[in-house]
Amino acid sequence: MRMMAKRCVVPVLVGVLSTGAVSCGSGDDGENGDGRGLTSALSGVPASADEQAVTYTDVTATRRLVATGKKVYRQLNGYGIQELAQHPYTAKALKPTYGFDEKDVRTSLLLSNGYGQRLTGDFDVDAVRDAMKKRGYRATDDDGSVRLRKQGQADVDVSGSARTTKAVDDAITLPLDPPDRSVADDDAYGAVVGCLGDDVYRATLYGKRPGYRKQGVTLLGIGSRAKDSASPTETLCVRTTSEAAAEKVAGKLRGKTAAGERFAGAEVKVGDGDTPMVSMMWKNSTKSGMGPGDQDRTGELPRLLLWP
């Protein structure tokens, strides 16, 4: 197994970001638009990765939110880009080192533990190649894209519209182009995306691990939305295995919404059908544990539902 020289800090759970109106989710039509939207991002994840936690960021929307200066968004200033998260508080620019910067990126998608990353946007392939070669990478042209390799470092592939990295040899590969079959084709993923909303600016789906079914959970996701920069919310959506499991999951969540609890006042809803969706929405704030992405960092609600 080959590891990167540096491990990146990423907003996924190990185991398993101008005031006024802000466009905080795309409305674009997937791969036929500019590649934004949660469904479009998930279409880049092979079906074989369905047990992996995956975190999506609409980088364009998140940059607008962070630019408001609101403290609630400051933890998102890595925009889901691993290279930026390594040095978010320094003056060091990405462009000279990697050949791109966050302005070139529209969306970010990270697999659990940061072992795989897929960025979409507008990339200058020659600039990326030149920057990486200065860092000792060997470049190989591949039908309009470039493969960049260096012993002991992450593998990098780049085209004009996507850039992928793989940090270890046995990690799942996120391809530059969407695979023939992806997790977006999975009914459970589709149901959770439908619950979260395709226009979330950030979301984590925690994977379909067999052990989760013992807790009555097929798939759990948490997504962030903002009608404007001053009113961000997050929603937790759980595809359950049965009606009885849904009531059990809802009961656990309602225990967190009682007076004095962190999510006091939040409403828990249970859907219909043989495998009901359970959802809970809360308002983001600067309060500890209530900022966008805090549940991925602390794991309070995922731990409550996914582990006994």
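Are Tyr 98 and Phe 100 buried or exposed? I looked this up before anything else. Tyr 98 is buried, and Phe 100 is buried as well. I note that the model is predicted.

**Aromatic pairs**

I looked up the ring pairs and obtained a count of 4 aromatic pairs. For Tyr 98 and Phe 100 the ring centres are 6.4 Å apart and the planes stand at 55 degrees, so I logged the pair as tilted. I then took Phe 100 with Phe 123, which form an edge-to-face pair at 5.8 Å centre to centre, with 75 degrees between the planes. This pair links distant parts of the chain, 23 residues apart. Phe 100 sits in the loop between helix H4 (94-98) and strand S2 (105-111), and Phe 123 in the loop between strand S3 (116-121) and helix H5 (125-134). Phe 100 and Phe 123 are both buried. I entered Tyr 98, Phe 100 and Phe 123 as one aromatic cluster.

**Glu 83**

I placed Glu 83 in helix H3 (residues 82-85). Its relative accessibility is 6%, so I counted Glu 83 as buried. The contacts of Glu 83 include Tyr 98 and Phe 100 of the cluster. Arg 163 is also among the residues that Glu 83 touches, and the two side chains make a polar contact at 2.9 Å.

**Thr 164**

Thr 164 lies in strand S7 (residues 162-166). I found 4% relative accessibility, so Thr 164 counts as buried. Among the residues it touches are Gln 117, Asp 155 and Leu 174. I also checked Thr 164 against Leu 109: they are 55 residues apart in sequence and 9.4 Å apart in space, C-alpha to C-alpha.

**Salt bridges**

I looked up the total, and the structure holds 13 salt bridges. I went through three pairs.

- Asp 104 bridges to Lys 95, with the closest N and O atoms 3.0 Å apart. Asp 104 is buried at 19% relative accessible area, whereas Lys 95 is partly exposed at 37%.
- Asp 122 bridges to Arg 106, with the closest N and O atoms 3.2 Å apart. Asp 122 is in the loop between S3 and H5 and Arg 106 is in strand S2, 16 residues apart. I have Asp 122 as exposed at 52% relative accessibility and Arg 106 as buried at 18%.
- Arg 225 bridges to Asp 199, with the closest N and O atoms 2.7 Å apart. Arg 225 lies in strand S9 (residues 217-226) and Asp 199 in the loop between helix H6 (187-196) and strand S8 (202-205), so the pair ties together parts 26 residues apart in sequence. Arg 225 is partly exposed at 36%, and Asp 199 is partly exposed at 30%.

I closed with a network: shared salt-bridge partners join Asp 126, Arg 129 and Asp 141.

How values were computed. Residues are numbered from 1 along each chain as its sequence is written. This is a predicted model: local features need pLDDT of at least 70, side-chain atom pairs count only at pLDDT 80 or more; totals for chains, interfaces and linings use all residues. Side-chain values use heavy atoms; hydrogens and water are left out. Rings of Phe, Tyr and Trp (its six-membered ring) pair if their centres lie within 6.5 Å; planes under 30 degrees apart count as stacked, over 60 as edge-to-face and the rest as tilted. Buried means under 20% relative accessible area, exposed over 50%, partly exposed in between (1.4 Å probe, protein chains only). Helices (H or I, at least four residues) and strands (E, at least two) are DSSP runs, numbered from the N terminus. A polar contact is a pair of N or O atoms within 3.5 Å; within protein, one must be able to donate a hydrogen and the other to accept it, and residues adjacent in sequence count only if both atoms are side-chain atoms. Contact means heavy atoms within 4.5 Å. A salt bridge is a side-chain nitrogen of Lys or Arg within 4 Å of a carboxyl oxygen of Asp or Glu. Lists of a residue's contacts leave out its neighbours within four places in sequence.
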